[in-house]
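Please open the structure in your viewer and keep the selection tool ready. The tour proceeds by a series of selections, each followed by a short account of what is there.

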Amino acid sequence: MKNNEILASVIIPSYNQKHVIFDALESVLRQKVNFEYEILIVESTGDDTAELVRRRHPSIKVIELRDRAYPGAAR
């Protein structure tokens with residue numbers, strides 16, 4: 001395994017979740033693991049949730065979809 005090689009992706013689908021998205025992110029960020037992982041938010045609400053996540057957590061990847069994505073499609 002190479003240093004900083006991402007071994008897991010945590011994908012969080014988000015639709016109308018502005019009221020809980022930061023709690024979910026903080027829960028993931030509190031996890032103690034001995035491997036590298038990435039967090040992806042797939043946001044399909046069309047409001048300012050994606051921008052709020054980017055501002056508060058610039059290292060988290062945010063994918064914005066124009067149309068609503070159900071969890072299976074978002075993952």
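A residue is called exposed when its relative accessible area is over 50%, buried when that area is under 20%, and partly exposed in between. The model on the screen is a predicted one.

**First stop: helix α2**

Select Arg55, which has a relative accessibility of 59% and therefore counts as exposed. Now add Glu51, whose relative accessible area of 37% makes it partly exposed. These two residues form a salt bridge, and their closest N and O atoms are 3.6 Å apart. Both belong to helix α2, which covers residues 49-56; because they are four residues apart there, about one helical turn separates them.

**Second stop: from helix α2 to strand β3**

Next, select Arg54 and Glu64. Which kind of contact do their side chains make? They meet in a salt bridge, at 3.0 Å from N to O. Arg54 is in helix α2 and Glu64 is in strand β3, so this pair ties together parts that lie 10 residues apart in sequence. Arg54 is partly exposed, at 30% relative accessibility, and Glu64 is also partly exposed, at 46%.

**Third stop: from strand β3 to strand β2**

Continue by selecting Lys61 together with Glu38. Their salt bridge has its closest N and O atoms 2.8 Å apart. Lys61 lies in strand β3, residues 61-64, and Glu38 in strand β2, residues 36-43, so the pair ties together parts 23 residues apart in sequence. Is Glu38 buried or exposed? Glu38 counts as buried, because its relative accessibility is 16% and the limit for a buried residue is under 20%. Lys61, in contrast, is partly exposed at 44%.

Side chains of opposite charge can pair when their charged atoms come close. In this model the count of salt bridges is four, and the three pairs selected so far are among them.

**Last stop: the largest pocket**

Keep Glu38 and Lys61 selected, as both line the largest pocket. To display more of the lining, add Ile6, Leu29, Val33, Phe35, Glu36, Tyr37, Ile39, Ser59 and Ile60. The volume of this pocket is about 200 Å³. Which element gives the most to the lining? Strand β2 does, with four residues. Colour the lining by class to see seven nonpolar residues, one polar residue and three charged residues.

Terms used: Residues numbered from 1 in each chain as written. Predicted model: local features only at pLDDT ≥ 70, side-chain atom pairs only at ≥ 80, totals over all residues. Heavy atoms only, no water. Helix = DSSP H or I, 4+ residues; strand = E, 2+ residues; numbered from the N terminus. Buried < 20%, exposed > 50% of the residue type's maximum accessible area, 1.4 Å probe, protein only. 1 Å grid on protein atoms, 1.4 Å probe; cavity = no way out; pocket = protein on both sides within 12 Å on 5 of 7 lines; lining within 4 Å. Points joined across faces, edges and corners; volume = space filled by probe spheres on them. Nonpolar A, V, L, I, M, F, W, Y, C, P; charged D, E, K, R; others polar.
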